[in-house]
Amino acid sequence: MNLSRLGLRAGDGSDPLITGISVDSRQVRDGHLFAALPGSAAHGGEFIRYALRQGAGAILTDRQGAEIAAAELAASQAALVVAEDPRAALAGAAALWFQAQPDTVVAVTGTSGKTSVTTFTRQIWQALGLKAINLGTMGVQGDFTAKLAHTTPEPVTLHRVLSEAAASGVTHAAMEASSHGLDQRRLDGVRVAAGAFTNFSQDHLDYHHDFDSYFAAKALLFSHILEPGAAAVICTDDARGREAAQIARDRGLRLMTYGRAEGCDLRILAQRYDATGQELRFSLNGRTHLIRLNLIGGFQAENVLCAAGLCIATGSDEARVIAALPGLTTVRGRMELAAQRRNGAAVFVDYAHKPGAVIAALQSLRPHVMGRIIAIVGAGGDRDRGKRPLMGEAARQHADVVYVTDDNPRTEDPAAIRAEVMAGAGPDATEVGDRAEAILRAVDALEPGDAALIMGKGHETGQIVGSDVFPFDDAEQASVAVAALDGTI
Ligand SMILES: CC(=O)N[C@H]1[C@@H](OP(=O)(O)OP(=O)(O)OC[C@H]2O[C@@H](n3ccc(=O)[nH]c3=O)[C@H](O)[C@@H]2O)O[C@H](CO)[C@@H](O)[C@@H]1O[C@H](C)C(=O)N[C@@H](C)C(=O)N[C@H](CCC(=O)O)C(=O)O
Ligand SMILES: Nc1ncnc2c1ncn2[C@@H]1O[C@H](COP(=O)(O)OP(=O)(O)OP(=O)(O)O)[C@@H](O)[C@H]1O
Ligand SMILES: N[C@H](CCC[C@H](N)C(=O)O)C(=O)O
Ligand SMILES: [Mg+2]
């Protein structure tokens, strides 16, 4: 495909044949377009010289990138495209390069719940007989599978995956729109039929610096990505959700609100919890429905209604969507029932890895449990240290028994991390460095009616120690512990 067919124009008017697109100089091959993007650690312009050496046929960058590599560019035959916003230009080029995408793509943003909502959306579509995928933190799942390194991949990977999925017959895709992804224009070339906003709380302030710019990134889904006439499914329980809804209205989107507040199009009216799930009473456009969800945690009802809203807003039959909800199954590592003792006590695994999530996970488990909640908590190395005592404290306040253990110590001293978590967890907490042993001891302590909640790793399958990754899966360890104690799996 020629450069001009990718929506790009070289300064000297040349229009070379492009053989592929790369954002990393190390992946450049003969005739590739290399996108040299401004980065946080470096400017991609620094790598133009390597890209040229690897045979790049064209360079897409901004003015700064062109200046950095001025000498090398002058000495080369490669076409140079200087764009005001090279990330947006790259997104457009990647979309034109790969062309195909599933007919219906929806995108979900919000601090928590993106993986859950996209997974439920995919499950509903499949239940309706459609070929569907979800795409995000856990890779691509459903009727087409692939591994991903990012929640929202950069445009070349994103469009490659979308076009491969479409080629394999997938017609429906639900993707996570991370705030990094929105801010970096990774989704700009995707035709999105509906967007959703789940909720807003503290996260990623290292990147976005303050709450307003973090929100502004999320709001781009409604102000920028979705075209007028597309649908917006928004939880209006919090002030930021209401702000997003206003943006959607102003843009001429078809707004569907959900939540607990009066006036929501999809409204949670009541929930009743038991050991294996919950009964949910909700209304849709004024009509009341009562269904059973085999899902643990009050917040999953919000995620389910969001998913239902996305399906209905993109044309699925309302009655069939509602009929599919009782069949939804737990998302891997999100309040997942991992194992059960012979005495009935349950072991759950959840991806809560920040203080707010620890509180939400423990609070949402409470009404399902007659007896005690035994929490297993730890914090990752080489990450925000401030959250460690807060996570310990959250466990102390919202669980009955607390075990503090390791969670991806990475390059830090695991004992030092545990000490910081213990500072919040208090003197009654038990420190057990080895995560498998901590799980075994917690499972051993379970009495009838109790439940254990293993937090922090969710779907992860490795424990990162130094630069090594040791196979480790919380759900599997829970089963192993139950088998060791009860002689069954
Ligand atoms: C902070 C951030 O988002 N960074 C993204 C950004 O790169 P950067 O600014 O870090 O890149 P850099 O290291 O400064 O290098 C600048 C440029 O030079 C290029 N380069 C670099 C080295 C080289 O040898 N050759 C080369 O061409 C890089 O590809 C890059 O384009 O642009 C790159 C290319 O598009 C992304 O791969 C990179 O994601 C990094 C790896 C990352 O970890 N991002 C995370 C924080 C992220 O995006 N997370 C979100 C949300 C997760 C969540 O919700 O928890 C996600 O969607 O996954
Ligand atoms: N609607 C919700 N409200 C509050 N907390 C939630 C909600 N949904 C999920 N959570 C909590 O957040 C954790 C992560 O959920 P999920 O993976 O669905 O979110 P995410 O937005 O994809 O997160 P990430 O940005 O880490 O990928 C869950 O394990 C649970 O503890
Ligand atoms: N996206 C998050 C996930 C954290 C998961 C937890 N298990 C940890 O390692 O801290 C991070 O990399 O900070
Ligand atoms: Mg996610």
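**View 1. Ligand 3 sits in a shell of 1 nonpolar, 4 polar and 4 charged residues.** The model shown here and in every other view is predicted. The residues around ligand 3 are Tyr-351, His-353, Gly-380, Arg-383, Asp-407, Asn-408, Arg-410, Gly-456 and Glu-460. Look for three polar contacts. The side chain of Arg-383 has an N or O atom 2.7 Å from an oxygen atom of the ligand. Asp-407 brings a side-chain N or O atom to 2.8 Å from a nitrogen atom of ligand 3. For Asn-408, a side-chain N or O atom lies 2.9 Å from an oxygen atom of the ligand. On its own, ligand 3 has 350 Å² of accessible area, and the protein covers 77% of that.

**View 2. Ligand 2 is surrounded by 17 residues.** Lys-114, Thr-115, Ser-116, Arg-334 and Asp-350 are the closest of them. Sorted by class, the shell holds 3 nonpolar, 9 polar and 5 charged residues. Start with Lys-114. A polar atom of the Lys-114 side chain is 2.8 Å from an oxygen atom of ligand 2. Move on to Thr-115, where a side-chain N or O atom lies 2.7 Å from an oxygen atom of the ligand. Asp-350 also has a side-chain N or O atom 2.7 Å from an oxygen atom of ligand 2. The protein covers 90% of the 620 Å² of accessible area that this ligand has on its own. Two elements, α5 and α11 (299-313), give two or more residues to the shell.

**View 3. A magnesium ion, ligand 4, is held by three residues.** The donors are OG1 of Thr-115, OG1 of Thr-137 and OE of Glu-176. Their distances to the magnesium ion run from 2.1 to 2.3 Å. Along the chain, the donors follow the spacing T-x21-T-x38-E. Thr-115 belongs to helix α5 (residues 114-127) and Glu-176 to strand β8 (residues 172-176), so this pair ties together parts that lie 61 residues apart in sequence. Are Thr-115 and Glu-176 buried or exposed? Both are buried. Thr-115 links this view to the previous one, as its side chain also has an N or O atom 2.7 Å from an oxygen atom of ligand 2.

**View 4. Ligand 1 has 23 residues around it.** Those that come nearest are Ser-40, Ala-41, Ala-42, Ser-178 and Gln-184. Ala-42 uses its backbone: an N or O atom there lies 2.7 Å from an oxygen atom of ligand 1. Ser-178 uses its side chain, with an N or O atom 2.7 Å from an oxygen atom of the ligand. In His-150, a side-chain N or O atom is 3.2 Å from an oxygen atom of ligand 1. Taken alone, ligand 1 has 1000 Å² of accessible area, of which the protein covers 72%.

**View 5. Strand β6 is enclosed, with strand partners β7 and β8.** How many of the 5 residues of strand β6 (residues 132-136) are buried? The count is 5 of 5, so the strand is largely enclosed by the rest of the structure. In a regular strand, side chains alternate between the two faces of the sheet. On one side of β6 are Ala-132, Asn-134 and Gly-136, and on the other are Ile-133 and Leu-135; all are buried. Now trace the pairing. β6 runs parallel to β8, with 4 bridges between them. Asn-134 faces Ala-174 of β8. β6 runs antiparallel to strand β7 (residues 139-142), again over 4 bridges. Here Ile-133 stands opposite Gly-142. The hairpin from β6 to β7 passes through 2 residues.

**View 6. Six strands form an open sheet with mixed pairing.** Read the order as β15-β16-β20-β17-β18-β19. Why do β15 (336-340) and β19 (430-431) each have one side without a neighbour in the sheet? They stand at the edges with a single partner strand each, so one side of each strand is left free of a neighbour. Follow one pair inside the order. Strand β16 (residues 346-350) and strand β20 (residues 451-455) run parallel, joined by 5 bridges. Ala-346 has Ala-451 in β20 as its bridge partner.

**View 7. Ser-364 lies in helix α13 (residues 355-365).** Its relative accessibility is 9%, so Ser-364 counts as buried. The Ser-364 side chain reaches the backbone oxygen of Ala-361 at 3.1 Å.

Notes: Residues are numbered from 1 along each chain as its sequence is written. Chains are lettered from A and ligands numbered from 1 in the order in which they are written. This is a predicted model: local features need pLDDT of at least 70, side-chain atom pairs count only at pLDDT 80 or more; totals for chains, interfaces and linings use all residues. Side-chain values use heavy atoms; hydrogens and water are left out. Donors are N, O and S atoms within 2.8 Å of the metal (3.2 Å for Na, K and Ca); water is not among the atoms, so sites may look incomplete. Buried means under 20% relative accessible area, exposed over 50%, partly exposed in between (1.4 Å probe, protein chains only). A residue is near a molecule or strand if one of its heavy atoms lies within 4 Å of it. A polar contact is a pair of N or O atoms within 3.5 Å; within protein, one must be able to donate a hydrogen and the other to accept it, and residues adjacent in sequence count only if both atoms are side-chain atoms. Accessible areas come from the Shrake-Rupley method with a 1.4 Å probe; for residues, only the protein chains shown count as cover. Ala, Val, Leu, Ile, Met, Phe, Trp, Tyr, Cys and Pro count as nonpolar, Asp, Glu, Lys and Arg as charged, and the others, Gly among them, as polar. Two strands pair if DSSP finds at least two bridges between them.
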